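User: I am new to this structure. Please take a close look at one buried spot, then walk me outward from there.

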Amino acid sequence: MYSLPKRLGAEFLGTLLLLAIVIGSGVMAENLSEGNNGVALIANTLATVFGLYILIEVFDPISGAHFNPVVTLSMVLLKRQPGSELLPYIVVQLVGAFFGAILVHQMFDMELLQFSEKARTGWGIWTGEIVATAGLLLVILMAKAERVSGMVACYIGAAYWFTSSTSFANPAAAFGRQFSNSFAGIAPADVPAYVVFEVIGGLLALVLYKAFSAKHPTATSQAPNPAA
């Protein structure tokens, strides 16, 4: 078990790099796609899938590779992590997400501090965030441990395309992406709703996980006892 400071450092760095991958690939894709949003989204998706897989493989042994307040909250509710670590984890995830956006702007010679003007709102999009987050958490909780990194990356890649919200599925991602007026950005006014519906999706996943994990009597145990 790594010390809490080392685990927090891993969560900070992992979330920073995740946001740098998501936002940076969006900037590059937008610059090269000549206005073709479909091509830009394909490039953004592929970079996110590959990058997320690597980040989970690298940081999972240290911090659990949450990079996501909903994941941390779920681990606390399932008593897999002490409640005292919830706030520190969330703080470093949010700070990491912010600096991930700043790092991208530095790399691409953009204004360092900016706010997105990209509106992402409405019941359809919010429903998409519920689906994206619930699906992500179910994969994390139900996949075999040795396959989690690949399955999470693949799910997020698919959810970029089948959800109306392009699958943020992460309050830290929503928080960080508001600071970039680029392809992957989200208007600050739309962030609170995203966070609310992501948390709803996470709680829904916990209910489903509990339901699927509940032990039911086997056919043998239900058979009448001839000795009775």
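Analyst: **Around Gly201**

Leaving out residues up to four places away in sequence, Gly201 touches Ile130, Thr133 and Ala134. A caution before going on: this is a predicted model. Gly201 itself lies in helix α8, which covers residues 191-213. Is Gly201 buried or exposed? Its relative accessible area is 0%, so Gly201 is buried. The cut-off for that word is under 20%.

Now take one of those partners, Thr133. Thr133 belongs to helix α5. With a relative accessibility of 1%, Thr133 also counts as buried. Which residues does Thr133 contact, apart from neighbours within four places in sequence? They are Val70, Ala169, Glu198, Gly201 and Gly202. Val70 and Gly201 are both on that list. In sequence, Val70 and Gly201 are 131 residues apart. In space, their C-alpha atoms are 9.0 Å apart.

**The helix behind the contact**

Helix α5 runs over residues 123-142. Does its length fit its residue count, and why? The reasoning is short. A rise of 1.5 Å a residue gives an expected span of 28 Å for these 20 residues. The C-alpha atoms at the two ends are 28 Å apart, so the span agrees. How much of α5 is covered? Of its 20 residues, 14 are buried, so the helix is mostly covered. A general point helps when viewing any helix. An α-helix has 3.6 residues a turn, so residues three or four places apart point the same way.

**A loop residue at Thr133**

Ala169 is another contact of Thr133. Ala169 sits in the loop between α6 and α7 (171-177). Its relative accessibility is 0%, so Ala169 counts as buried. Its backbone stands out for a listed reason: phi is near 55 degrees, a positive value in a residue other than glycine. Ala65 shows a positive phi too, near 50 degrees, and is likewise not glycine. Ala65 is placed in the loop between α2 and α3. With a relative accessible area of 11%, Ala65 is buried.

**The nonpolar core**

Next, the wider interior. The largest nonpolar core has 34 residues. Which of its members touch the most others? They are Leu18, Ile23, Phe67, Val152 and Ile156. Helices α1, α2 (37-63), α4, α5 and α6 (148-162) each supply at least two residues. So α5, the helix of Thr133, also feeds this core. The most comes from α1, which gives eight residues.

Phe67 deserves a look of its own. Setting aside residues up to four places away in sequence, its contacts include Ala10, Gly14 and Leu18. Leu55, Ile56 and Phe59 are among them as well. So are Asn170 and Ala172.

**The salt bridge**

How many salt bridges does a search of the whole structure find? One. Glu85 pairs with Arg7, and the closest N and O atoms are 2.8 Å apart. The pair links distant parts of the chain, 78 residues apart. Glu85 is in the loop between α3 (69-77) and α4 (86-107), while Arg7 is in helix α1 (residues 4-32). Both partners fall under the 20% cut-off. Glu85 has a relative accessible area of 9%, so it is buried. Arg7 stands at 10% and counts as buried.

**The rings**

Aromatic rings come last. The structure holds 10 aromatic pairs. In one pair, the rings of Phe98 and Phe99 have centres 5.1 Å apart. Their planes meet at 80 degrees, so this pair is edge-to-face. Phe99 is partly exposed, at 39% relative accessible area. Tyr155 and Phe162 have ring centres 6.2 Å apart and planes at 75 degrees, so they too are edge-to-face. Tyr155 is buried at 15% relative accessibility, whereas Phe162 is partly exposed at 49%.

Phe98 and Phe99 also belong to an aromatic cluster with Phe115, Phe175 and Phe179. Charged ends meet rings elsewhere. The charged end of Arg177 sits over the ring of Phe168, 3.6 Å from its centre. The charged end of Lys118 sits over the ring of Phe183, 4.6 Å from the centre.

Technical notes
Residues numbered from 1 in each chain as written. Predicted model: local features only at pLDDT ≥ 70, side-chain atom pairs only at ≥ 80, totals over all residues. Heavy atoms only, no water. Helix = DSSP H or I, 4+ residues; strand = E, 2+ residues; numbered from the N terminus. Expected span 1.5 Å × (residues − 1). Buried < 20%, exposed > 50% of the residue type's maximum accessible area, 1.4 Å probe, protein only. Contact = heavy atoms within 4.5 Å. Salt bridge = Lys/Arg side-chain N within 4 Å of Asp/Glu carboxyl O. Core = buried A, V, L, I, M, F, W, Y, C linked by side-chain atoms within 4.5 Å. Phe/Tyr/Trp six-rings, centres within 6.5 Å; stacked < 30°, edge-to-face > 60°. Lys NZ or Arg CZ within 6 Å of the ring centre and 35° of its normal.
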